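Here is a short set of exercises to work through with the model open beside you. Try each task before reading its solution.

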Amino acid sequence: MPDSFHVMAKPVGPACNLDCTYCYYLEKEHLFPKGGNFRMKPDMLESYIRQYCASQSSPEIVFTWQGGEPTLLGVEYFRSIVDLEKKHAGGRVVHNAVQTNGTLLDNEWCRFFREHNFLVGLSIDGPRTLHDTYRLDKGHKPTFDRVMRGLDLLKKHQVEFNTLTVVSASNVKHPLKVYDFLRESGSGHIQFIPLVERLPEAGLPGFAEPPEPGRPSSPVTRWSVDAGLYGDFLIAIFDQWVRRDVGKVFVQMFDVALGIWSGAGSPLCVFLENCGNALALEHNGDLFSCDHFVYSKYRLGNITDEPLGILAQSDQQKAFGRAKSATLPKYCRECEVLFACNGECPKHRFIKTPDGEDGLNYLCPAYKKFFSHVDPVMKRMTSLIRAGRSPAEIMTIH
């Protein structure tokens with residue numbers, strides 16, 4: 001495991017003003033005392049910022065704030081974050097990223113983000129009918145209009161932002177509708193996150209929902225994405241992107257692929273050979289191996305009892321990181337796209353290989369389709385880069 005590591009901090013824990021059908025993090029409330037306050041206390045906040053700055057050896061420090069919904073804490077709370085970063089960064093450059101559902105954004109928030117150069121990740125699942133399928137508030141009312149108001153404010157105040165779209169059973173059948181909507185809404189940086197949530201009887205906490213009529217029994221919730229369709233989703237958008245948008249719209253999945261083909265490696269942890277350098281910190285100081293493994297088994301300790309840097313480099317965390325490659329099925333080790341996929345996220349490895357071995361990634365069909373499809377284009381784009389030319393030239397020769 002590399003010496004450097006990154007932490008996704010959750011200063012408001014799992015608390016959120018929405019009640020998205022597919023949210024995997026709301027259930028984390030059961031890890032903490034009932035009726036507890038999920039707001040990270042000032043002394044804990046300062047301890048985290050001080051320890052994180054001390055643990056980073058690079059000249060620039062990146063803080064990531066998520067939830068739940070971090071804007072529930074209010075602008076003044078985030079002003080204190082910036083002040084504490086200045087206090088403990090030792091003169092180094094500090095960058096902040098915050099992930100939000102956008103419904104609470106106003107002019108004050110956006111002025112603050114602009115003033116302090118925050119990168120804002122905005123969650124939006126596509127146009128109105130697709131977004132409002134699963135992204136509802138506590139009263140089960142749609143949120144699309146409120147999110148779009150937040151997006152317009154970000155643009156008005158010239159806040160740097162990207163969009164995060166959860167690809168679910170609802171929007172996976174409409175790839176170009178989703179992509180064109182995001183593009184036309186002004187999103188120049190797009191992330192697609194495949195929704196894969198297991199049912200409780202499949203071995204992990206989840207949602208006990210029966211399959212829709214006519215849909216075969218599945219180990220995942222009915223709103224989870226179909227693996228084959230997710231591959232088609234990525235391919236349809238890629239083909240559109242490579243014809244007109246290279247260098248204009250940045251799609252994380254495509255940038256990751258180009259990095260892999262060009263030899264730079266993946267900046268996204270799920271496609272690395274091993275994991276373990278992307279941890280999650282809860283509001284009470286508990287540190288977990290990964291944002292998707294916030295379960296008691298993967299709790300490394302509390303930063304008030306043992307320093308953050310020590311916990312991040314602990315034997316337990318190193319074993320967690322190495323397990324990704326150590327548990328890869330033979331079927332994967334012999335796959336032609338192993339160099340790109342590396343078995344993807346261990347969270348999704350719960351189906352059997354064709355020969356009956358455990359540990360195949362649920363999304364395997366998607367990545368086999370996608371990485372095989374983009375291979376010729378990625379090779380051409382890599383050749384352009386090595387020749388000192390722009391990869392955007394692919395649009396004129398593809």
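**Exercise 1.** What share of the contacts in the chain with a separation of 6 or more comes from residues 24 or more positions apart?

*Solution.* Keep in mind that this is a predicted model. Start with the contacts at a separation of 6 or more: residues 24 or more positions apart account for 69% of them. Next, look at the elements that make up the chain, namely 14 helices and twelve strands. The radius of gyration is 21 Å, close to the 21 Å that the globule rule gives for 398 residues, so the chain is as compact as a globular protein of that length. Finally, the C-alpha trace spans about 55 × 50 × 45 Å along its principal axes.

**Exercise 2.** Decide whether Tyr48 is buried or exposed, and list what surrounds it.

*Solution.* First, locate Tyr48 in helix H1, which covers residues 42-55. Then apply the cut-off: buried means under 20% relative accessible area. Tyr48 has 0% relative accessibility, so it counts as buried. Leaving aside residues up to four places away in sequence, Tyr48 touches Val7, Ala9, Phe63, Trp65, Leu281, Ile303 and Leu308. As a last step, compare with Tyr25: it is 23 residues from Tyr48 along the chain, and the two C-alpha atoms are separated by 21 Å.

**Exercise 3.** Find the loop that holds both Asn342 and Glu344, and describe each residue.

*Solution.* Asn342 is in the loop between helix H12 (338-341) and strand E11 (349-351), and Glu344 lies in the loop between H12 and E11 too. Take Asn342 to begin with. Its relative accessibility is 15%, so Asn342 counts as buried. The side chain of Asn342 reaches the backbone oxygen of Phe271 at 3.0 Å. Beyond the residues up to four places away in sequence, Asn342 touches partners including Leu272, Lys324 and Arg349. Now turn to Glu344, which counts as buried because its relative accessibility is 3%. Glu344 also has a positive phi, near 50°, although it is a residue other than glycine.

**Exercise 4.** Which residue pair is joined by a cis peptide bond, and where is Gln158 found?

*Solution.* The cis bond joins Gly67 and Gly68, with omega about 10°. Gly68 sits in the loop between strand E2 (60-65) and helix H2 (75-88). For Gln158, go to the loop between helix H5 (144-156) and strand E5 (161-167). Gln158 is not a glycine, yet its phi is positive at about 55°. With a relative accessible area of 55%, Gln158 is exposed.

Note on methods:
Residues are numbered from 1 along each chain as its sequence is written. This is a predicted model: local features need pLDDT of at least 70, side-chain atom pairs count only at pLDDT 80 or more; totals for chains, interfaces and linings use all residues. Side-chain values use heavy atoms; hydrogens and water are left out. Helices (H or I, at least four residues) and strands (E, at least two) are DSSP runs, numbered from the N terminus. The radius of gyration is taken over C-alpha atoms; the globule rule is 2.2 Å times the number of residues to the power 0.38. Contact means heavy atoms within 4.5 Å. Buried means under 20% relative accessible area, exposed over 50%, partly exposed in between (1.4 Å probe, protein chains only). A polar contact is a pair of N or O atoms within 3.5 Å; within protein, one must be able to donate a hydrogen and the other to accept it, and residues adjacent in sequence count only if both atoms are side-chain atoms.
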